[in-house]
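Okay, everyone, thanks for squeezing in. I'll put the structure up, and then we'll walk through it together.

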Amino acid sequence: MSAIIPPVLKCPSCQQSHSVFDAEKTAMYVCGNCYAVIEAGSKAIHSPYSLNKPKGKPLLPLGAKGVLKDKHYTVIAVAERYELNTAYYWFEYTLMREGDHEVAFLSTYDGHWLLLEPVSGSALPKATFTPTQEGMTWDSVFFERFSRYKAKYNYASGEFHWHANLRKGVECVEYICPPRLLAVEVDPSDPAGKDVFGGEYILPSAVSKAFLNGKAMPPREGVAPAQPSWITINPRRFLIGTLVFCILALIIQTVYSFSRKQLPVFNERMFMDTTNINKPIVSPSFKLEGGTSNMEVQLETDVDNSWCEVEVNLVNEQTGKETAFVVGAEYYSGVSEGERWSEGSHTQKEFVCSVPSGSYHFVTTFSKDTNGPPVSLGLTVWWDVPSWWNAVVVSMTMALVAIGIWLLHRSFEAKRWAGSNVTNYRNRWN
């Protein structure tokens, strides 16, 4: 008759006593004092081999109790695992669920946490788990293959409800659909036997609240395989939606523009010299009819190697409200090293939005280069002028937001897949 693991176990190597949470299901126990792996053999409790001292420091103590995802758990084992031929070490905590004593696993690396549960029976995904398999479907969701590696145990403490050679190592394949992850472990000596674990990304604050009374957790580094993006908007859909919006906005603006009258309501020429600089000139009255609309003011001058500027006040004769703006023009030209050059313009336009109908006049104040010649200028005003400004600005803003979201998403995913060791995918965002 085979021996069994007792509720209170004395380590055969160091004589340290340990309390076992579920002796009935425990197949192995690892002493946290001397790291001996304790098994129940055919005749007696014995230790066939030992593990090593942990490289890191566990965050959750053995026996810690907490509520995670509305389920009550007890930490019954702490293990430190590593990826063969790499420097990747991580801690894995075995949790025993209250009531049915089923187990779950909390895995943590670089401040990121995953909660995983065994998947078995009819819930198992239909897949071959071949090295070239790019993904699989589970729960009607497609999971992409993220990594493939061999994992071994470096350290452990506590009870295990299954029997395995912890020093031997298993082949691991991970598939992701953030925030969910599907992990497959295969014993190289028994390829037909596969252990499948499904789970999701857990915030460090949730783990701390459950087991550590809200204690501060180590900061997260990088992007974890199953870590969800903080951008909750689907960038592809948002980009397509933005494109449709911009097209509709431009179509509506085009229809609106064709309906504008663009009527000339004021046109006057003036001659400015040193005698009337900075002296306000009041224009004749003119009427704007047809409701609130836009106005375009054009200044046309004959400046040459000089400049001029007109401060304009549009005065509503009914309300006395003034709308002030400045239009100016400058033009310079010459010959340099045998080539003629010029800069500036003889004309300048100013657009005034949302001007209500009514009777108006202009009060203009002229200024110019005091050393320049007299200036002849014309002031022309159009009413009910079509404007593309609103449609273009809104469309450009939406486009920039969509591009920004897409770039942020791309950067986030690039950091995620930089940690993948699957050749076909690791350069997908480069």
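So, to kick off: of the contacts in the chain with a separation of 6 or more, what share comes from residues 24 or more positions apart? It's 64%. Keep in mind that this is a predicted model.

Let's do the overall picture. DSSP gives us four helices and 25 strands in the chain. The radius of gyration is 39 Å, well over the 22 Å that the globule rule gives for 430 residues, so the chain is more spread out than a compact globule. If you lay the C-alpha trace along its principal axes, the spans are about 120 × 55 × 40 Å. Of the 430 residues, 43% are buried. The accessible surface adds up to about 23400 Å², and carbon and sulfur atoms own 54% of that. For the charge people: there are 39 positive and 43 negative charges, and their mean positions sit 11 Å apart.

Now, the cysteines. How many disulfides does a search of the whole structure find? Zero. Take cysteine 11, which is in no disulfide: the nearest cysteine sulfur belongs to cysteine 34 and is 3.5 Å away. Cysteine 31 has a similar story, with the sulfur of cysteine 14 as its closest partner. Why no bond there? Because those two sulfurs are 3.5 Å apart, which is too far, and the cut-off for calling a disulfide is 2.5 Å. As for exposure, cysteine 11 counts as buried because its relative accessibility is 0%, and cysteine 31 is also buried, again at 0%.

Next up, phenylalanine 143. You'll find it in strand E12, which covers residues 141–160. Is phenylalanine 143 buried or exposed? Buried, because its relative accessibility is 0%. Leaving out residues up to four places away in sequence, phenylalanine 143 touches, among others, Trp138, Tyr175, Ile176, Cys177 and Leu181. To get a feel for distances, go from phenylalanine 143 to glutamine 15: they're 128 residues apart along the chain, and their C-alpha atoms are separated by 47 Å.

Then there's glutamine 298, in strand E19, residues 293–301. At 18% relative accessibility, glutamine 298 counts as buried, because the cut-off is under 20%. With residues up to four places away in sequence set aside, its contacts are Gln348, Lys349, Gly378, Leu379, Thr380 and Trp382.

Last stop, some backbone details in the loops. Which peptide bond is cis, with omega near 10°? That's the one from proline 178 to proline 179. Proline 179 is in the loop between strand E13 (170–177) and strand E14 (180–187).

We also have positive phi values to look at. Tyrosine 35, which is not a glycine, has phi near 70°, and its loop runs between strand E3 (28–30) and strand E4 (36–40). Glutamate 337 isn't a glycine either, and its phi is positive at about 55°. This one is in the loop between strand E21 (322–336) and strand E22 (339–345). Glutamate 337 is exposed, because its relative accessible area is 81%, and the bar for that is over 50%.

That's my tour, so over to you for questions.

Note on methods. Residues are numbered from 1 along each chain as its sequence is written. This is a predicted model: local features need pLDDT of at least 70, side-chain atom pairs count only at pLDDT 80 or more; totals for chains, interfaces and linings use all residues. Side-chain values use heavy atoms; hydrogens and water are left out. Buried means under 20% relative accessible area, exposed over 50%, partly exposed in between (1.4 Å probe, protein chains only). Helices (H or I, at least four residues) and strands (E, at least two) are DSSP runs, numbered from the N terminus. The radius of gyration is taken over C-alpha atoms; the globule rule is 2.2 Å times the number of residues to the power 0.38. Contact means heavy atoms within 4.5 Å. Accessible areas come from the Shrake-Rupley method with a 1.4 Å probe; for residues, only the protein chains shown count as cover. Lys and Arg count as positive and Asp and Glu as negative; His and the chain ends are not counted. The place of a charge is taken as NZ of Lys, CZ of Arg, CG of Asp or CD of Glu.
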